[in-house]
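Thanks for sharing this one. Here are a few friendly notes to read alongside the coordinates.

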Amino acid sequence: MKQPKIAVIGLGYVGLPLARLFATKYSTVGFDINEERVGELMSGTDSTLEVENEVLQSVLIQESSNDVGLFCSTSLQDLKDCNYYIVTVPTPVDKNNRPILTPLVRASETVGKVLKKGDIVVYESTVYPGATEEECIPVLERVSGLRFNQDFYAGYSPERINPGDKEHTVEKILKVTSGSTPEIGKKVDDLYKSVITAGTHLAPTIKVAEAAKVIENSQRDINIAFVNELAKIFGLMDINTHDVLEAAGTKWNFLPFKPGLVGGHCIGVDPYYLAQKAQEYGYHPEIILAGRRLNDSMGEYVASEVVKLMIKEDIRIKGADVLVLGITFKENCPDVRNTRAVDVVNSLIDYGTKVTIYDPWANEDEVMHEYKLKSTKKLPNQKYDAIVLTVAHNEFRELDFSKLKSEKSIIFDVKNILPTNVRDNSL
């Protein structure tokens with residue numbers, strides 16, 4: 001094959017950092033159907049904050065060519081000269097937690113329209129084992145008219161992006177790779193190895209790579225569910241969970257998981273992909289789904305604990321002013337996808353309280369669009385009957401809570417980042 005020319009399909013939290021990285025060494029086209037997103041990137045700005053503006057600007061080129069650099073586009077025409085197509089679109093679940101493969105199918109249709117003999121299509125989107133070959137490849141064959149593993153080939157290299165993490169960036173995280181034939185697996189592995197400084201691991205098959213990805217987050221989900229259950233048990237016993245975990249953590253092989261809200265587009269979603277596929281084979285995954293149920297219950301649990309504290313302090317619940325600190329799915333990151341902080345907010349609203357959401361990272365329009373909730377980036381100048389810290393943004397560590405508390409007021413710290421003399425309780 002000639003010198004790689006890479007197309008990255010989908011320029012979100014996963015696609016853009018990867019495209020930027022490949023663009024340091026190869027001619028790279030970033031493709032997205034969102035014209036506004038492509039426009040901001042070509043102006044040198046990334047609203048997700050995953051790639052610093054100066055870094056993005058250093059690789060941008062202003063027209064599609066064979067020159068090293070990144071050109072972002074919404075036009076299929078700009079994809080025709082590429083020979084590697086890397087698909088990085090999201091794979092969410094619906095309200096019933098069933099996998100939604102629509103973005104993946106549509107991205108495959110897009111690639112199929114420009115696919116040529118000898119091209120390689122690599123998927124990075126998290127899926128259940130078998131999805132690439134069972135769901136995506138038939139779409140590529142149908143749209144392109146080409147034959148799999150004769151005219152074109154495929155690979156799978158699961159994304160390992162950690163949104164908001166400026167230390168473990170894409171090139172510093174070891175990458176799992178795979179291919180539809182041993183020879184293609186080697187080519188895919190060599191491509192990633194050329195830019196991933198942390199190295200790569202070539203899996204024997206695409207299914208193995210898919211399975212490895214989906215269990216990474218399922219394992220974390222189950223471990224967090226365990227400590228969330230401990231938090232509920234120790235809460236009944238009036239024992240501080242974090243003190244227990246700190247003591248247990250002195251043992252060399254104790255795993256350092258903490259209780260909390262489990263959201264985002266990976267840990268809170270991926271287990272459902274594995275669970276659905278298992279059920280298709282006639283197996284009902286008990287531990288995986290039990291962990292999901294427990295973690296999904298934590299928002300309502302936090303709200304109930306806040307209300308109990310308010311009642312103990314003789315604070316009237318109906319009409320109480322409650323400040324929720326944080327609506328993103330994790331700290332120091334603007335990503336609000338599948339955030340479970342909304343469960344806390346909605347449960348508090350159900351109790352009859354008036355909730356104010358303050359988050360200096362979240363886009364107010366995005367929060368309104370996704371959850372029909374009003375948030376603000378500017379802290380209101382008023383006092384509150386209850387304050388609930390749901391996300392560990394750095395800004396919240398510096399707040400003067402004495403200016404936010406009313407005469408009788410409680411602070412519930414979900415993330416356990418505030419000094420014990422400031423908060424009234426935590427998970």
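1. Let me start with a helix pair, bearing in mind that this is a predicted model. From α7, the residues V227, L230, A231 and F234 meet T241, V244 and L245 of α8. It is a nice place to begin browsing.

2. How do the two helices sit relative to each other? Helix α7 covers residues 206–236 and helix α8 covers residues 241–248; their axes come within 9 Å and cross at roughly 125°. Angles over 145 degrees would count as roughly antiparallel and 65 to 115 as roughly perpendicular, so α7 and α8 are oblique to each other.

3. Please also look at the surface around I233, a residue of helix α7. Together with L236, M237 and I239, I233 forms a nonpolar surface patch, and the accessible area of these four residues comes to about 410 Å².

4. Is I233 itself buried, partly exposed or exposed? I233 has a relative accessible area of 36%. Because exposed means over 50% and buried means under 20%, I233 counts as partly exposed.

5. Elsewhere, S47 deserves a glance. S47 lies in the loop that runs between α2 (35–42) and α3 (53–59). With a relative accessible area of 46%, S47 is partly exposed.

6. Which residues does S47 touch, leaving aside those up to four places away in sequence? The contacts of S47 are R37, E40 and P334. As for R37, it is 10 residues from S47 in sequence, and their C-alpha atoms are 8.6 Å apart in space.

Definitions and conventions:
Residues numbered from 1 in each chain as written. Predicted model: local features only at pLDDT ≥ 70, side-chain atom pairs only at ≥ 80, totals over all residues. Heavy atoms only, no water. Patch = residues over 30% accessible without salt bridge, like charges linked within 9 Å, V, L, I, M, F, W, Y side chains within 5 Å. Areas by Shrake-Rupley, 256 points an atom, 1.4 Å probe, with all protein chains shown as cover. Salt bridge = Lys/Arg side-chain N within 4 Å of Asp/Glu carboxyl O. Helix = DSSP H or I, 4+ residues; strand = E, 2+ residues; numbered from the N terminus. Buried < 20%, exposed > 50% of the residue type's maximum accessible area, 1.4 Å probe, protein only. Axes fitted to C-alpha atoms, helices over the stretch in contact; angles between N-to-C directions. Parallel < 35°, antiparallel > 145°, perpendicular 65-115°, else oblique. Contact = heavy atoms within 4.5 Å.
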